[in-house]
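Colleague: I am new to this structure and would like a close look at one part of it. Please take the place where the two chains meet, and add a word on one residue away from the general description.

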2 protein chains.
Amino acid sequence: MHRTKVRIVEEALDANNTIAQANRADFDRAAVTVVNFMSAPGAGKTTLLERVVGEVPGVRVGVLEGDVQGSMDADRLASLHVPVTQLNTDPSFGGECHLDANMVRSALAALPLSEIDMLVIENVGNLVCPAEFKVGEDVRVMVSSVTEGEDKPLKYPLMFRTCDLVLVNKIDLLAHLDYDLDRFLYNLDQVHPGVERMLVSARTGEGIEAWREWLAELAVRSGQGAAA
Amino acid sequence: MHRTKVRIVEEALDANNTIAQANRADFDRAAVTVVNFMSAPGAGKTTLLERVVGEVPGVRVGVLEGDVQGSMDADRLASLHVPVTQLNTDPSFGGECHLDANMVRSALAALPLSEIDMLVIENVGNLVCPAEFKVGEDVRVMVSSVTEGEDKPLKYPLMFRTCDLVLVNKIDLLAHLDYDLDRFLYNLDQVHPGVERMLVSARTGEGIEAWREWLAELAVRSGQGAAA
């Protein structure tokens, strides 16, 4: 029974990869760099986006906002006059705990791809399943808040292993926590040695300039930035 | 295609409910009260358990520790000389992001049911899928950390709607956050009017006595406590 289940899961992931490649081809054709942006609930994804979208030098950023229900985050971002498209997994996609390639594909027609250079896909807040499903992204960025504890890379290794940048958020709270940053970074290197990481505070703005520059350089590397 | 998917999900949940009822019957036969304990990653479930297991008056508490991988939390709790059983969803259950009734059933033989009055099942850290799968519990307790923001009841309504107690954790950090506790409680009442809630800090111990007493009274209500 377990073997059957594992096989079904593998087939679903194969099918997902095929659709992700089709998305990837469409994004390439539109010359849009795509970031899959992931974290646990409440780690600060939306606030970190509010801090940079609209202000990445030479890069027009749009957002695809993934949530189980509601459009609160999309409303927050839209107030910054950035193109935002809402994608809910409930009810159309069974209330899934993650975005997959097919859901993103269903939103393609609503995305203003000709008006943007970069699309940030804010995934559902979850450290497990979002890591399993490619959606057609160029890179994966994840947020790990220091309030979540040092052990998270060891408990959710796939998420930390498959990302290209880790934003360590809420560092303004370090003085008030029993959190060992060195231990977190050690654990991170255990599951993803040397992965790029930035210490940031969406609240105070510390480290945000580096995060904005990282996005600008990503666009250049992908051929969509100002210097391309 | 969506309709097919929804049907498959419904059939899976029906099958899960049947197994959950079998678990429930086995727990009743053993006179064990069962708590399904849920939260986002890093909200403080394990620390809140460390604070109370072994110290609930007249109630012998055991823990079934659910994680995708590893046994860090189980090791922490076992050091308190409490019966702890580890249940990993990877590799045996495809790395699932939640526990389901079948997984709990697979662990039944390893649980020392005759030696405990209460079993706390610490679910995988996730605010979506754990809420969909009954495992045979008497009650559901969830933890929402104030660092996660006030909007979480609105974004993950099923989790907040199906729980019997909400532990609002990390209140020692309130002075350092832009968090409106009244707004959170208002949002909570929007999705689950009047649900029981406690303000706690696993770090400072504030509110922990009330949480311990709640568990003791739960055992009495269920017929397994000291006064039964």
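Modeller: What follows describes the contact between the two chains and then one residue of chain B. The model is a predicted one.

I begin with how the copies are arranged. A turn of 180 degrees, with a shift of 0.0 Å along the axis, lays chain B on chain A with an RMSD of 0.0 Å. The two copies are therefore related as by a two-fold rotation axis. Within chain B, B:N126 has the C-alpha nearest that axis, at 3.0 Å from it.

Next comes the contact itself. Chain B gives 40 residues to it, and chain A gives 40 residues. Of the interface residues of chain B, 100% are interface residues in chain A as well, so the copies meet through the same surface.

The size of an interface is often expressed as the accessible area that is lost when the parts come together. Here chain B and chain A bury about 3400 Å² between them, and 56% of this lies on carbon and sulfur atoms. Three residues, B:P41, B:K155 and B:H176, supply 17% of the area that chain B buries against chain A, which is more than any other three residues supply.

Polar and charged pairs also cross the interface. Between chain B and chain A there are six salt bridges. A salt bridge joins A:K155 to B:D67, with 3.3 Å between the closest N and O atoms. Residue pairs in polar contact across the interface number 13, counting pairs with both residues at pLDDT 80 or more.

As for helices, α1 (2-29), α3 (72-78) and α5 (152-155) of chain B each supply at least two residues of the side that touches chain A. The largest share of that side, three residues, comes from α5(B). By type, the residues of the side of chain B that touches chain A divide into 16 nonpolar, eleven polar and 13 charged.

The single residue I have chosen is B:T46. In chain B, this residue lies in helix α2, which covers residues 45-50. B:T46 counts as buried because its relative accessibility is 5%, and the cut-off for buried is under 20%. Leaving aside residues up to four places away in sequence, B:T46 touches B:D73, B:R76, B:L77 and B:E122. With one of these, B:E122, the side chain of B:T46 makes a polar contact of 2.8 Å, side chain to side chain.

Definitions and conventions: Residues numbered from 1 in each chain as written. Chains lettered and ligands numbered in written order. Predicted model: local features only at pLDDT ≥ 70, side-chain atom pairs only at ≥ 80, totals over all residues. Heavy atoms only, no water. Helix = DSSP H or I, 4+ residues; strand = E, 2+ residues; numbered from the N terminus. Buried < 20%, exposed > 50% of the residue type's maximum accessible area, 1.4 Å probe, protein only. Polar contact = N/O pair within 3.5 Å; in protein donor to acceptor, adjacent residues only side chain to side chain. Contact = heavy atoms within 4.5 Å. Least-squares fit on C-alpha atoms with pLDDT ≥ 70 in both. Buried area = accessible area lost by both parts, 1.4 Å probe. Salt bridge = Lys/Arg side-chain N within 4 Å of Asp/Glu carboxyl O. Nonpolar A, V, L, I, M, F, W, Y, C, P; charged D, E, K, R; others polar.
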